Amino acid sequence: MQRRLLSAALVLSTFLSIFVRTTLFTHSATALQIPSQSPVNGDMEQVVNVIVAGATGDLAAKYLWVTMFRLALQGKSTSRRTFRFFAGASDSLERGRIWHKNFFDEKFAERVCGVLEDNISAGQLKCREFLEMEFKQNVQYAPLRTENNYRELGRRLAEANENFTSGSEEGRIVYLAIPPQFFLQSCELIHRYLRPQREETEAAAPFLRVVVEKPFGRDLQSAHKLATRLRTIYTNDELFVMDHYAGKPVVHAIRNYFQLNAAELHPFWNSNYIHDIRIEMTETATLQNRVRYFDSAGIIRDIMVNHLQLLLNVAVAPSFDPSIYSTAHSSDAFASRVHDAQIRFIESLHTPSHQMQQPVFVAQYDEYAAHYEAEMNQSIDESDHFTPTAAWIELASSLEEWRNTAFRLAAAKATAERLLSVTVTFRAGVFQAQQCFFAVIIQRALNANPSEGHRIEWSCDVSKVLPDLQLPSGWEYVDVDDQRVITSKKDDHGTATWELGNKPSAYDFLLREIVDGAIEHFADLDEVEAAWTLWTPVVNAAEATLDDRKYVSYPVGTSPWYSKPRSSETSQEFKEEL
C-alpha cells in the first residue's frame, strides 16, 4: 500500500513539474507535438530520430523500448544528443494512442527505473522524472502500413526538425522489428520517403542507418535477391544486419579476449593443435505458442544459420592474421578486415565426404504436433508433418590451417538443459596435458550462479606456454592462484541511472554501437550470402528427411541425440559422434 502511495505521489509531482516547465503532451490527427528543449550553455543539441517498424510487437515490447529509453536517458545524461522516437505499426492512429497509454505504464516504469521501495533513490527520481517529462512525450505513434503512411511519416520528420530550433538532426535509425518477408518492401519505402536530406547550412546530410535483424532470407536465392536490391539503395555503412547473439556480454568478452591475445593464441589455433570445435545450444522451453513462426523456419534456419554460424566465426578468430588486430587500423578498416577473414572461412566450409548421404541429423520432440494443432487450429497427420526442433551437423574446412579439424554444431529445443557453449578441444599433448579444452559458457540455466553461467575456462594450466594472456575488459580470474577460469567482475561502482530496472540485454550494447556507427559486430551482405551458400544445401537435406522417414523423435526434457529413431534405417553415425 505504501509503495502504491509513493508511486502515485511521484507521478503527481512529476506531472505538476511537466505542466509548469513544458507543454503538455498532446495528440493530433497528424502529429504529436514535441515541446522545445533549451540547450545548455548555448551548445547546439544533436537529434537522432529513431523509427521502430513493428513497434507494438513482441520483440519491441520485450527488449527494444527498454533499450530505447536507456539510449535516450544516457544521451541526456552524458552528451548533447537527444533522441526522438516514432513507433510504427499497422494499427490506426487512434489504436496507436491507446497502445502508447497502455504500454508506457507503471510496469514499464519499473522495468526501466526499478521497483519503488520505501526509500526512493535519487537515481530513481531522476529516471522517473525523465520518463514522464521527456521520454513519453518524445515517443510518437505513426501508422506504417501503406506507402502513404511512409510518405506522411517523412513529412512529420521534416516538420519536427523544423520546429526543433535548439539543435539539428544528426541522423536517423530505422529498426525493422518485422517479419523477414516484409524487409524488401519496407527498405524500398524507407529509401524513398525517410532518407534525411542535407540542409543548405550543413556540410553533409544526416546519417541513415537501417537495422535488419536476422534471419535474412530463407535460402540463398531469397537472400541474394534481397541483398542485390539493397546494395543499390544503401551503402555499407547504412545497413546493419544484426544478430542479437553478437551483443551477448560473453560473446563480446570472448571477442575482446581473442583480440587482446591474437599474437599469443594464433600459433596454436589450427589443425596441428585443435582436434575439433563444438558449438552447442539447447533450451528447455518448448515451442508452445511460438509454432506459427517456427514452423516455417525450423531449428536450422532459426538458430544454426544465424546464431551458431556467428559463434563459429568468433571461435576461429585467433586463426586470422594477427595483424588484423593492430591498433593502427581505423574502426571501419578493422571491421572490414575481420569481415573478409570471416567470409574466407565461411566459404571454405563444407560437409565431409563421408556424410554426403545424410549431411545433417534432425529430430523433433514428441509433443510438437499437439502444439502445432493447438496454435494453428489445424489437424495434422503426425507422421507427415515434420519440422526439425533439433539438429546436428559436422563441417570441415578446405583451408590449409583447418584441414584436419572437425566443426560440430548442435541446437535443440525442449531438452533437459539450457546451455549455450563453445568448446575447443586440443589434441593430446598440447600444453603438456593429456587432453585440454578451452570452453566458453555463454548462457546456462536461468538460476545459475553468474560465475557458472558466464565464464571462459581452460581445463588445463596454460600459463607456462602462454604466460602473458590478458583478461577481457571487466573480467577477472575466479581464483588468482589458479588462472584457468575467468568470469565477469562484480559491479562495485553502483548503477548508472540508465541501468536501473531490468538487466541490460544484448540489444543495449548493439543499439549503442548502431548510434555510434560502429559496424564491427554486424554482418555485411557478402557474409550473409556466403553463409546461405553453405547452409541452403543443409536445409534442403533436412527437409528431404521427411520423404525418407530418417528423423528421430524425442520426449520433452530429454536429449534428442540419444532418442529412438522413427525409422530403423536412420543412420546411427551422427548420434555416436555426439
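**Entry 1: helix 13**

I began with helix 13, where I found Phe-334, Ala-335, Val-338, His-339, Ala-341, Gln-342, Ile-343, Phe-345, Ile-346 and Ser-348 to be buried. I note here that I am reading a predicted model. The helix runs over residues 331–348, which is 18 residues, and from its first C-alpha to its last it reaches 26 Å, close to the 26 Å expected at 1.5 Å a residue. I wrote down a general point beside the list of buried positions: an α-helix has 3.6 residues a turn, so residues three or four places apart point the same way.

**Entry 2: the chain as a whole**

I then stepped back to the whole chain, whose secondary structure comes to 18 helices and 17 strands. Of its 578 residues, 53% are buried. I looked up the accessible surface as well, which comes to about 26500 Å², with 49% of that area belonging to carbon and sulfur atoms. When I took the contacts in the chain with a separation of 6 or more, I found that 76% of them are between residues 24 or more positions apart.

**Entry 3: disulfides**

How many disulfides does a search of the whole structure find? The search gives two. I reminded myself that a disulfide is a covalent bond between the sulfur atoms of two cysteines.

One of them is formed by Cys-113 and Cys-127, whose sulfur atoms are 2.0 Å apart. This pair links distant parts of the chain, since Cys-113 sits in helix 4 (residues 106–113) and Cys-127 in helix 5 (residues 122–135), 14 residues apart. The angle about the S-S bond is -80°, and the link of Cys-113 and Cys-127 is left-handed. I checked the exposure of each partner: Cys-113 has a relative accessible area of 1% and is therefore buried, given that the cut-off is under 20%, and Cys-127, at 0%, counts as buried too.

A disulfide also joins Cys-436 to Cys-460, with 2.0 Å from S to S. Cys-436 lies in the loop between strand 12 (419–426) and strand 13 (437–443), while Cys-460 lies in the loop between strand 14 (455–458) and strand 15 (475–477), so the pair ties together parts that are 24 residues apart in sequence. For the link of Cys-436 and Cys-460 I again read -80° about the S-S bond, and this link is left-handed. Cys-436 is buried at a relative accessible area of 0%, and Cys-460 is buried at 8%.

Counting the bonded cysteines along the chain, I get the pattern 1-2, 3-4. I also looked up Cys-187, which counts as buried at 0% relative accessibility.

**Entry 4: the largest nonpolar core**

Which residues touch the most other members of the largest nonpolar core? In this core of 172 residues, they are Trp-65, Phe-135, Ile-300, Phe-438, Trp-458 and Trp-535. Helix 12 (residues 298–315) gives the largest share of the core, eleven residues. Domain 1 (45–213) and domain 2 (249–491 + 505–554) both contribute residues, so the core lies between them. As a general note, nonpolar side chains in soluble globular proteins tend to be buried together.

I followed Ile-300 further and, setting aside residues up to four places away in sequence, found that Ile-300 touches Val-305, Val-360, Val-362, Ala-391, Trp-535, Val-538, Val-539 and Ala-542.

**Entry 5: three single residues**

Asn-313 is found in helix 12, and with a relative accessible area of 4% Asn-313 is buried. Leaving aside neighbours within four places in sequence, I found Asn-313 in contact with Phe-320, Gln-342, Phe-345, Ile-346 and Glu-527. Among these partners, Gln-342, Phe-345 and Ile-346 were already in my list of buried residues in helix 13.

Leu-194 has its place in helix 7 (residues 183–194), and Leu-194 counts as buried at 1% relative accessibility. The C-alpha atoms of Leu-194 and Gly-154 are separated by 5.1 Å, although these residues are 40 residues apart along the chain. Apart from its neighbours within four places in sequence, Leu-194 is in contact with Tyr-150, Leu-153, Gly-154, Leu-157, Arg-172, Leu-189 and Leu-208.

Is Val-112, the last residue I looked up, buried or exposed? Val-112 is buried, at a relative accessible area of 0%, and its place is in helix 4. Not counting residues up to four places away in sequence, Val-112 touches Val-66, Phe-69, Cys-127, Leu-500 and Gly-501. From Val-112 to Arg-128, 16 residues apart along the chain, the C-alpha atoms are separated by 8.6 Å.

Terms used
Residues numbered from 1 in each chain as written. Predicted model: local features only at pLDDT ≥ 70, side-chain atom pairs only at ≥ 80, totals over all residues. Heavy atoms only, no water. Helix = DSSP H or I, 4+ residues; strand = E, 2+ residues; numbered from the N terminus. Expected span 1.5 Å × (residues − 1). Buried < 20%, exposed > 50% of the residue type's maximum accessible area, 1.4 Å probe, protein only. Disulfide = S-S within 2.5 Å. Contact = heavy atoms within 4.5 Å. Areas by Shrake-Rupley, 256 points an atom, 1.4 Å probe, with all protein chains shown as cover. Core = buried A, V, L, I, M, F, W, Y, C linked by side-chain atoms within 4.5 Å. Domains from an automatic or database assignment.
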